Amino acid sequence: MGNAMRGVIAFIPSERCQRFLVGDLKEMPLDRTLDLSGRQLRRMPVAACVFDELVKLYLSGNNLSSLPAELQGLRKLQLLALDFNSFEELPAAVCRLPQLCILYLGNNRLYYLPRELSELKELNTLWLEMNCFTVFPQIVCDLPNLKTLHLGYNQIKTLPMELGSLRELRSIWLAGNQFVDFPPVLLEMHFLAVIDVDRNKIRRFPALCHLQGLKLVIYDHNPCVNAPMVGEGVRRVGRWADCSDDEQDDDGSKGASEATAEVTEVQPDEEQNI
């Protein structure tokens, strides 16, 4: 049965119709992973919340805008995928998952994050790309173990200096935002390995030679008049990337896709580490 029919059935709250969409949720999956992605769900089945040993829960690609309070009973959950849904607010139950490490929230309608997010002390990977943020969600600065932050394709113009307190942060992805200047706080974050500011409005880049942990900087598709100077061994993706810093010309543009192998090296597969 196609997605159109699934979409119609999703409106029918009867137990039989919901069981058609999600299957018979009676036994705990042996791998402690439950994948309910792409089921046209408009509400998460509460039956899934009885699996208190669950480690990974995928709810991507549905029509969810809320979650049941019973979700907070999944005390051992480490990965929660809520991307490609219709959330305008982050459900409170998400902030009560003490072991959550990876949270996918991309491709929703979020424009702010609640203060309760700071309760996720174990969170190390946060995906917020393609939402509706016009300002940086300040509460992110209260996530002490955050290592990877994806905030691409929002409408953010500046970063707070408090971001520098995230001493564990290793990669920050800010492509497709509204930065006119290179964020000053990033110049103080010597521990960063990856900086992605592709597709912004930055006209001039400061020197990044002093960032000793840096491995990759992506600055392509900016109206820049210079390339960022970097230390030895640092990979640059953008205009003049293949030229020496005193030999910049107009022929050095590279697409970010050419950095795929390099990105893989500096950003490990977080899911496999669970």
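This section describes the fold, the nonpolar core and selected side-chain pairings of a predicted model.

The secondary structure of the protein consists of three helices and 10 strands. Read from the N terminus, the elements follow the order α-α-β-β-β-β-β-β-β-β-β-β-α. Of the 274 residues of the protein, 52% count as buried. Among the contacts in the protein with a separation of 6 or more, 25% are made by residues 24 or more positions apart.

The 10 strands form an open sheet with parallel pairing, in the order β1-β2-β3-β4-β5-β6-β7-β8-β9-β10. The edges of the sheet are occupied by β1 (33-35) and β10 (235-237); each has a single partner strand, so one side of each is left without a neighbour in the sheet. On average, and with direction ignored, neighbouring strands of this sheet are turned by 5° against each other. In general, the strands of a sheet pair through backbone hydrogen bonds, and the pairing is either parallel or antiparallel. One of the pairings in the model is that of strand β8 (residues 194-196) with strand β9 (residues 216-218), which run parallel and are joined by three bridges. Within this region, Asp196 stands opposite Ile218 in β9.

In soluble globular proteins, nonpolar side chains tend to be buried together. In the model, the largest nonpolar core comprises 72 residues, of which Leu71, Leu80 and Leu186 touch the most other members. For Leu186, the contacts beyond its neighbours within four places in sequence are with Leu159, Leu163, Ile172, Leu174, Leu192, Ile195 and Leu211.

A polar pairing was also found at a strand residue. Thr148 lies in strand β6 (residues 148-150). Its relative accessibility is 6%, which is under the 20% limit, so Thr148 counts as buried. The side chain of Thr148 makes a polar contact with the side chain of Ser171, at 3.3 Å.

Side chains of opposite charge can pair when their charged atoms come close. A search of the whole structure finds three salt bridges. In one of them, the side chains of Glu53 and Arg32 meet with an N to O distance of 3.8 Å. Glu53 lies in the loop between β1 and β2 (56-58), whereas Arg32 lies in the loop between α2 (15-22) and β1, so the pair ties together parts that are 21 residues apart in sequence. Glu53 is partly exposed, with a relative accessible area of 32%. Arg32 is likewise described as partly exposed, with a relative accessible area of 35%.

Glu53 also forms a salt bridge with Lys76, and the closest N and O atoms of this pair are 2.9 Å apart. The pair links distant parts of the chain, since Glu53 is in the loop between β1 and β2 and Lys76 is in the loop between β2 and β3 (79-81), 23 residues apart. Lys76 has a relative accessible area of 34% and is partly exposed.

The side chains of Asp198 and Arg199 meet in a further salt bridge, with an N to O distance of 3.7 Å. Asp198 is buried, with a relative accessible area of 5%, whereas Arg199 is partly exposed, with a relative accessible area of 41%. As for partners held in common, Arg32, Glu53 and Lys76 are joined into one network by salt bridges that share partners.

Backbone angles were examined as well. Arg32, a residue other than glycine, has a positive phi near 55°. This residue of the network is found in the loop between α2 and β1. Tyr153 is not a glycine either, and its phi is also positive, at about 60°. Tyr153 lies in the loop between β6 and β7 (171-173), and at 41% relative accessibility Tyr153 counts as partly exposed.

The loop between β1 and β2, which holds Glu53, also contains Ala47. At 36% relative accessibility, Ala47 counts as partly exposed. Ala47 and Glu70 are 23 residues apart along the chain, and their C-alpha atoms are separated by 9.3 Å.

Terms used: Residues are numbered from 1 along each chain as its sequence is written. This is a predicted model: local features need pLDDT of at least 70, side-chain atom pairs count only at pLDDT 80 or more; totals for chains, interfaces and linings use all residues. Side-chain values use heavy atoms; hydrogens and water are left out. A nonpolar core is a set of buried Ala, Val, Leu, Ile, Met, Phe, Trp, Tyr and Cys residues joined through side-chain atoms within 4.5 Å. Buried means under 20% relative accessible area, exposed over 50%, partly exposed in between (1.4 Å probe, protein chains only). Contact means heavy atoms within 4.5 Å. Two strands pair if DSSP finds at least two bridges between them. Helices (H or I, at least four residues) and strands (E, at least two) are DSSP runs, numbered from the N terminus. Axes are lines fitted to C-alpha atoms, for helices over the stretch in contact, and angles run from 0 to 180 degrees between N-to-C directions. A polar contact is a pair of N or O atoms within 3.5 Å; within protein, one must be able to donate a hydrogen and the other to accept it, and residues adjacent in sequence count only if both atoms are side-chain atoms. A salt bridge is a side-chain nitrogen of Lys or Arg within 4 Å of a carboxyl oxygen of Asp or Glu.
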